[in-house]
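Colleague: Could you walk me through this one and show me how each label follows from its value? I would like to see the reasoning as well as the verdicts.

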Amino acid sequence: RRKTALDQARAVRAAAAQQLALANDAPCPTLTQLVEAKLLPPGGERDPWNQPFSIECTGDDVIVTSFGEDGEPGTDDDLRVPLSG
């Protein structure tokens, strides 16, 4: 499931980056906006544990996080793209 979550997070990140590139000065897109814009398939906004991904836009970067099996942010099972060092 962890590999699937990382693959899905990469797809969410790419969709968010594409949305940002299409809409100058737009705020960070939501998962709903990405699905409505058909940049993500329905269901693509949820990780393998059926929890929504988190999207954070910082400057020119987009960070997507799955809160892992426990669904709690800030725990050891969180998965983040890009991977933090």
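**From values to labels**

Colleague: What makes Lys 38 count as exposed?

Modeller: Its relative accessibility is 74%, and the label exposed applies over 50%, so Lys 38 earns it. Please keep in mind that we are looking at a predicted model. Lys 38 sits in the loop between helix 2 and strand 1, and it has a positive phi of about 60° although it is not a glycine.

Colleague: And Asn 50: exposed or buried?

Modeller: Exposed, with a relative accessible area of 51% against a cut-off of over 50%. Asn 50 also belongs to the loop between helix 2 and strand 1, and here again a residue that is not a glycine shows a positive phi, of about 65°.

Colleague: Let us turn to the sheet. Why is it said that strand 1 and strand 3 stand at the edges?

Modeller: The sheet is open, with three strands in the order 1-2-3 and antiparallel pairing. Strand 1 (54-58) and strand 3 (79-81) each have a single partner strand, so one side of each is left without a neighbour in the sheet. From one strand to the next, the twist averages 20°.

Colleague: How do you know that strand 1 and strand 2 really pair?

Modeller: A pair needs at least two bridges, and strand 1 and strand 2 have five, in the antiparallel sense. One of the matched positions is Cys 57, whose bridge partner in strand 2 is Val 62. The hairpin of these two strands has two residues between them, and Gly 59 takes a positive phi near 60° there.

Colleague: How many bridges do strand 2 and strand 3 have?

Modeller: Strand 2 (residues 61-66) and strand 3 are joined over three antiparallel bridges, which also meets the requirement of at least two. Thr 65 stands opposite Arg 80 in strand 3, and Ser 66 has Leu 79 as its bridge partner in that strand. Helix 1 (residues 2-22) packs on the sheet, where it touches strand 1, strand 2 and strand 3, and its direction makes about 150° with that of strand 2.

Colleague: What makes strand 2 largely enclosed by the rest of the structure?

Modeller: Five of its six residues are buried, so strand 2 is largely enclosed. Ser 66, in strand 2, is at 0% relative accessibility, and since buried means under 20%, Ser 66 counts as buried.

Colleague: Which side chain makes a polar contact with the side chain of Ser 66?

Modeller: That of Asp 47, at 2.8 Å, which fits the 3.5 Å limit for a polar contact. A polar atom of the Ser 66 side chain also lies 3.2 Å from the backbone nitrogen of Gly 68. Leaving aside residues up to four places away in sequence, Ser 66 touches Ala 5, Asp 47, Trp 49, Phe 53, Asp 78 and Leu 79.

Colleague: How do you know that Cys 28 and Cys 57 form a disulfide?

Modeller: Their sulfur atoms are 2.0 Å apart, and the cut-off is 2.5 Å. A search of the whole structure finds one disulfide. The link of Cys 28 and Cys 57 is right-handed, with 70° about the S-S bond. Cys 28 lies in the loop between helix 1 and helix 2 (31-36) and Cys 57 in strand 1, so the disulfide ties together parts that are 29 residues apart in sequence.

Colleague: Why is Cys 28 called partly exposed?

Modeller: Its relative accessibility is 27%. Buried would need under 20% and exposed over 50%, so Cys 28 falls in between. Cys 57, at 26%, is partly exposed by the matching argument.

Colleague: Which residues have the most contacts inside the largest nonpolar core?

Modeller: They are Val 12, Leu 31, Leu 34, Leu 40, Phe 53, Ile 55 and Val 64, in a core of 16 residues. Helix 1, helix 2, strand 2 and strand 3 each supply at least two of the core residues, and helix 1 gives the largest share, six. Leu 34 has contacts beyond four places in sequence that include Val 12, Leu 40 and Ile 55.

Colleague: And what makes the peptide bond from Val 81 to Pro 82 cis?

Modeller: Its omega is near 0°. Pro 82 lies in the segment after strand 3.

How values were computed: Residues are numbered from 1 along each chain as its sequence is written. This is a predicted model: local features need pLDDT of at least 70, side-chain atom pairs count only at pLDDT 80 or more; totals for chains, interfaces and linings use all residues. Side-chain values use heavy atoms; hydrogens and water are left out. Helices (H or I, at least four residues) and strands (E, at least two) are DSSP runs, numbered from the N terminus. Axes are lines fitted to C-alpha atoms, for helices over the stretch in contact, and angles run from 0 to 180 degrees between N-to-C directions. Contact means heavy atoms within 4.5 Å. Buried means under 20% relative accessible area, exposed over 50%, partly exposed in between (1.4 Å probe, protein chains only). A polar contact is a pair of N or O atoms within 3.5 Å; within protein, one must be able to donate a hydrogen and the other to accept it, and residues adjacent in sequence count only if both atoms are side-chain atoms. A nonpolar core is a set of buried Ala, Val, Leu, Ile, Met, Phe, Trp, Tyr and Cys residues joined through side-chain atoms within 4.5 Å.
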